[in-house]
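Q: Could you take me through one part of this structure closely, step by step, and explain how its pieces fit with the rest? I am in my first year, so please spell out the reasoning.

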Amino acid sequence: MSQPKDMMTLLKEKPVLKIIPDTIDNAIVTEVVDCSDAEIYAKLVDGKLDSYSPAKNIEAYFLSGGGYFYFTTNVIKVQDNALILKFPEKYTSLQRREGERINFYKTLEITADGANFAIDVVNLSSGGIRFLTSENLSQEKAYSIALDVDKNLSVQCNLKIVEVTKFDNAKYCARAQFTDIDNSEVVALSQFCKKTVIEQINK
């Protein structure tokens with residue numbers, strides 16, 4: 001089967017390729033070094049290759065030309081500090097905004113100066129959250145958060161509140177950025193959000 005010319009052109013730009021195997025916590029970051037109509041050679045940038053083996057199915061995402069792209073394929077070989085992947089038969093283009101932020105609902109508590117504040121998270125991205133709360137939270141404080149995204153992904157870091165607006169008579173809507181977050185968790189969050197978008201598209 002002939003491979004999509006557009007895909008070859010995109011991968012020849014040597015983008016950063018974010019890869020998920022069977023679980024998000026084993027996600028890695030690679031860089032495309034070379035590709036042909038049969039293979040993609042992707043060098044490891046961040047993460048470990050312990051969970052990767054020949055014939056393993058993976059999902060991959062990358063940013064190129066201002067857009068996000070997604071494909072599934074399988075591992076041909078694990079070689080030194082790199083993966084050799086089968087060139088995908090097709091790919092999906094994602095709107096950048098769709099790829100970054102998803103609807104996500106969870107009630108939890110954040111902490112600052114020994115005090116706990118209840119919040120209702122309403123959306124999620126790799127960079128932060130938007131939530132509702134009954135408190136008019138200070139933008140000057142650092143808040144800590146422990147967020148269970150799914151059974152394979154938990155994030156513990158700090159929050160910086162960058163915007164607070166009145167939502168109704170009893171609630172405020174706040175936008176907050178993750179700070180002091182491990183890079184592997186940023187990658188895993190990004191993958192989770194994009195994977196969620198793909199699942200919604202395929203419903």
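A: In this predicted model, Asp150 has Leu153 of strand β12 as its bridge partner. The two strands concerned, β11 and β12, make a hairpin in which two residues lie between them. They run antiparallel, and eight bridges join β11 to β12, the latter covering residues 153–166.

Strand β11 also carries an aromatic residue that deserves a careful look, and its ring partner lies in another strand. Before turning to that contact, it helps to know that the structure holds six aromatic pairs. One of them is formed by Phe104 and Phe192, an edge-to-face pair with 6.4 Å from centre to centre and 85° between the planes. This pair links distant parts of the chain, since Phe104 sits in strand β8 (residues 101–112) and Phe192 in helix α3 (residues 183–201), 88 residues apart. Phe104 and Phe192 are both buried.

The ring of Tyr143 pairs with that of Phe117: their centres are 6.0 Å apart and their planes stand at 75°, which is over the 60 degrees required, so the pair counts as edge-to-face. Because Phe117 belongs to strand β9 (residues 115–125) while Tyr143 belongs to β11 (residues 142–150), the pair ties together parts that are 26 residues apart in sequence. Tyr143 has a relative accessible area of 1% and is therefore buried, and Phe117, at 15% relative accessibility, counts as buried because the limit is under 20%.

Elsewhere, ring pairs link Phe62, Phe69, Phe71 and Tyr91 into a cluster.

Technical notes. Residues numbered from 1 in each chain as written. Predicted model: local features only at pLDDT ≥ 70, side-chain atom pairs only at ≥ 80, totals over all residues. Heavy atoms only, no water. Phe/Tyr/Trp six-rings, centres within 6.5 Å; stacked < 30°, edge-to-face > 60°. Helix = DSSP H or I, 4+ residues; strand = E, 2+ residues; numbered from the N terminus. Buried < 20%, exposed > 50% of the residue type's maximum accessible area, 1.4 Å probe, protein only. Pairing = 2+ DSSP bridges.
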